[in-house]
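Let us walk through this structure step by step, beginning with contacts between charged side chains and then turning to a helix.

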Amino acid sequence: FNGKEMVRTSAYAANMPASKINLKKGVFYRAADLINAVLLASANDASVALAEKLAGSEQAFARLMTQKAEALGARNTICKSANGLTRPGQQTTARDLATVFNRAMHNPEFAERMAATKMRNSDGSLVRSHNKALWTLDGAVGGKSGYTDAAGKTYVGKFQRGNQVIIVSLLGSSSMWTDIATLVEHGFTRQEMASRLPGEGADGVRVSRVE
């Protein structure tokens, strides 16, 4: 899939609820710009437009998402929508989100976008990240926030201080940024303690999570 490809917006994609970038039905957009909108600004309309381009329909893409999640070790995840909006039968866990995000961050293009506080689209416009952790928390490498009525405030992100790396994931938070800061400090404290124990190192990725 080439980021320079053009993606035509269906009426279904254009009618997605916020957050969105207000795509227009029948208009073509550059795939790379839509990817920026999804990863930085949680654009539900861009997510569905890309899903339809890749798999023909949102439903077909959601099935591919479920298969990919399972292949990556996220075996308690069932996707029914391309953007995480609530659908009957959809489910995941904080650990599954951490597992998938940790693997995804090994992709250089994905990691580059996740680390950006803003990116410039092909038309010169700026897309700004919703990930407040990037400019408020020490060691933030990249992350993704979200919200639905069913899941509450959600987040998954990678943090690194020196050679210590943690993935923080939470669902159902009512004070997300405070919770993230607490989990980050807890995670690095645990890493530091583990590194001091005989026979234990700090090379592995540890997961701090709230469900």
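**Salt bridges and a helix**

In this predicted model, R161 and E185 form a salt bridge, in which the closest N and O atoms are 2.8 Å apart. This pair links distant parts of the chain, since R161 sits in strand 6 and E185 in helix 8 (residues 176-195), 24 residues apart. R161 also takes part in a salt bridge with D138, where the closest N and O atoms are 3.4 Å apart. Because D138 lies in the loop between helix 7 (133-136) and strand 5 (140-148), while R161 belongs to strand 6 (residues 152-161), this pair ties together parts that are 23 residues apart in sequence. D138, R161 and E185 are thus linked in a network of salt bridges; D138 is exposed, with a relative accessible area of 54%, whereas R161 is partly exposed at 23% and E185 is partly exposed at 41%.

The structure holds 4 salt bridges, and another one of them joins E5 to K53, with the closest N and O atoms 3.5 Å apart. E5 lies in the segment before strand 1 (6-8) and K53 in helix 3, so the pair ties together parts that are 48 residues apart in sequence.

Which parts of the structure do the buried residues of helix 4 pack against? They pack against helix 1 (11-14), helix 3 (44-55) and helix 5 (94-104), and the residues of helix 4 that are buried are E58, A60, A62, T66 and A69. Helix 4 (residues 58-71) has 14 residues and reaches 20 Å from its first C-alpha to its last, and just after this helix, G73 takes a positive phi of about 105°.

Notes. Residues are numbered from 1 along each chain as its sequence is written. This is a predicted model: local features need pLDDT of at least 70, side-chain atom pairs count only at pLDDT 80 or more; totals for chains, interfaces and linings use all residues. Side-chain values use heavy atoms; hydrogens and water are left out. Helices (H or I, at least four residues) and strands (E, at least two) are DSSP runs, numbered from the N terminus. The expected span of a helix is 1.5 Å times one less than its number of residues. Buried means under 20% relative accessible area, exposed over 50%, partly exposed in between (1.4 Å probe, protein chains only). Contact means heavy atoms within 4.5 Å. A salt bridge is a side-chain nitrogen of Lys or Arg within 4 Å of a carboxyl oxygen of Asp or Glu.
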